[in-house]
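This report goes through one structure, topic by topic. Please keep the sequence and the 3D view at hand while reading.

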Amino acid sequence: CINLHETDPDYKPPKQQKQKNRKQKKKSSEEEGTCSKCRKQKKKLRTVMDVVHRVQWDEQYNPEDFIVGYLDRFDGLVEEEFAYFDWSDVTTVDDWETFCIPKHRVYYFKHHGEIVWDRRTRTDKDIL
């Protein structure tokens with residue numbers, strides 16, 4: 001047999017691998033300069049569909065006042081009116097009749113020219 005056995009004269013036991021300490025040391029608050037209570041948490045950003053539903057169903061907003069900035073695969077960042085889109089699921093829409101984009105391509109919403117929701121800068125104004 002080609003396997004080495006403990007009884008063979010050329011047998012060497014396999015080396016034991018040292019286990020690495022996978023625990024990372026936590027920095028003390030003195031090293032970071034602030035205590036854990038003072039550190040800022042990331043602001044939770046509403047989803048695209050949360051904003052869309054608010055514009056569609058809240059009576060104080062007119063959908064015609066909103067502009068949507070989205071990433072087109074060929075043209076780059078493009079702006080269109082809110083009413084231009086069909087906000088249903090991409091898989092259920094006929095591409096030849098309506099215009100629908102995946103929600104991850106939406107970058108921002110503008111209301112009267114002012115950005116009220118922006119994914120890149122995590123802007124989420126309170127007016128929505």
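Where is Arg122 found? Arg122 is in the loop between β4 and β5. The model is a predicted one.

## Overall layout

The protein chain has 2 helices and 5 strands. Along the sequence, the pattern reads α-α-β-β-β-β-β. The helices are thus followed by the strands in that pattern. Of the chain's 128 residues, 22% count as buried.

## Two loop residues with positive phi

Most residues other than glycine have a negative phi. Arg122 is not a glycine, but has a positive phi of about 55 degrees. Its loop joins β4 to β5. Arg122 counts as partly exposed, because its relative accessibility is 35%, which falls between the 20% and 50% limits.

His112 also departs from the usual sign, with phi near 55 degrees, a positive value in a residue other than glycine. His112 is placed in the loop between β3 (106–111) and β4. Is His112 buried or exposed? His112 is exposed: its relative accessible area is 59%, and the exposed class starts over 50%.

## Salt bridges

Side chains of opposite charge can pair when their charged atoms come close. How many salt bridges does the structure hold? There are 5. Three of them are described here, one by one.

Glu114 pairs with Lys125, with 3.0 Å between the closest N and O atoms. Glu114 belongs to strand β4 (residues 114–118), and Lys125 to the segment after β5 (123–124), so this bridge ties together parts 11 residues apart in sequence. Glu114 is partly exposed, at 42% relative accessible area. Lys125 is also partly exposed, at 32%.

Arg54 and Asp58 form another salt bridge, at 2.7 Å from N to O. Arg54 has 29% relative accessibility and counts as partly exposed. Asp58 is partly exposed too, with 22%. Then there is the bridge between Arg120 and Asp118, whose closest N and O atoms are 3.5 Å apart. Here the two partners fall into separate classes. Arg120 is partly exposed at 48%, whereas Asp118 is buried at 5%. Asp118 is placed in the buried class because its value is under 20%.

## Aromatic side chains

How many aromatic pairs does a search of the whole structure find? The search finds 9. Ring pairs also build a cluster. Its members are Tyr61, Phe66, Tyr70, Phe82, Tyr84, Phe85, Trp87, Phe109 and Trp117.

A charge meets a ring elsewhere in the list of contacts. The charged end of Arg119 sits over the ring of Tyr107. The distance to the ring centre is 4.4 Å.

## The largest pocket

Rolling a probe the size of a water molecule over the atoms shows where empty space is left. In this model, the largest pocket holds about 270 Å³ of space. Its lining consists of 12 residues.

Which residues lie nearest the centre of the largest pocket? They are Asp72, Arg73, Phe99, Cys100 and Ile101. By class, the lining of this pocket has 8 nonpolar and 4 charged residues. Polar residues are absent from the lining.

Note on methods
Residues numbered from 1 in each chain as written. Predicted model: local features only at pLDDT ≥ 70, side-chain atom pairs only at ≥ 80, totals over all residues. Heavy atoms only, no water. Phe/Tyr/Trp six-rings, centres within 6.5 Å; stacked < 30°, edge-to-face > 60°. Lys NZ or Arg CZ within 6 Å of the ring centre and 35° of its normal. Salt bridge = Lys/Arg side-chain N within 4 Å of Asp/Glu carboxyl O. Buried < 20%, exposed > 50% of the residue type's maximum accessible area, 1.4 Å probe, protein only. Helix = DSSP H or I, 4+ residues; strand = E, 2+ residues; numbered from the N terminus. 1 Å grid on protein atoms, 1.4 Å probe; cavity = no way out; pocket = protein on both sides within 12 Å on 5 of 7 lines; lining within 4 Å. Points joined across faces, edges and corners; volume = space filled by probe spheres on them. Nonpolar A, V, L, I, M, F, W, Y, C, P; charged D, E, K, R; others polar.
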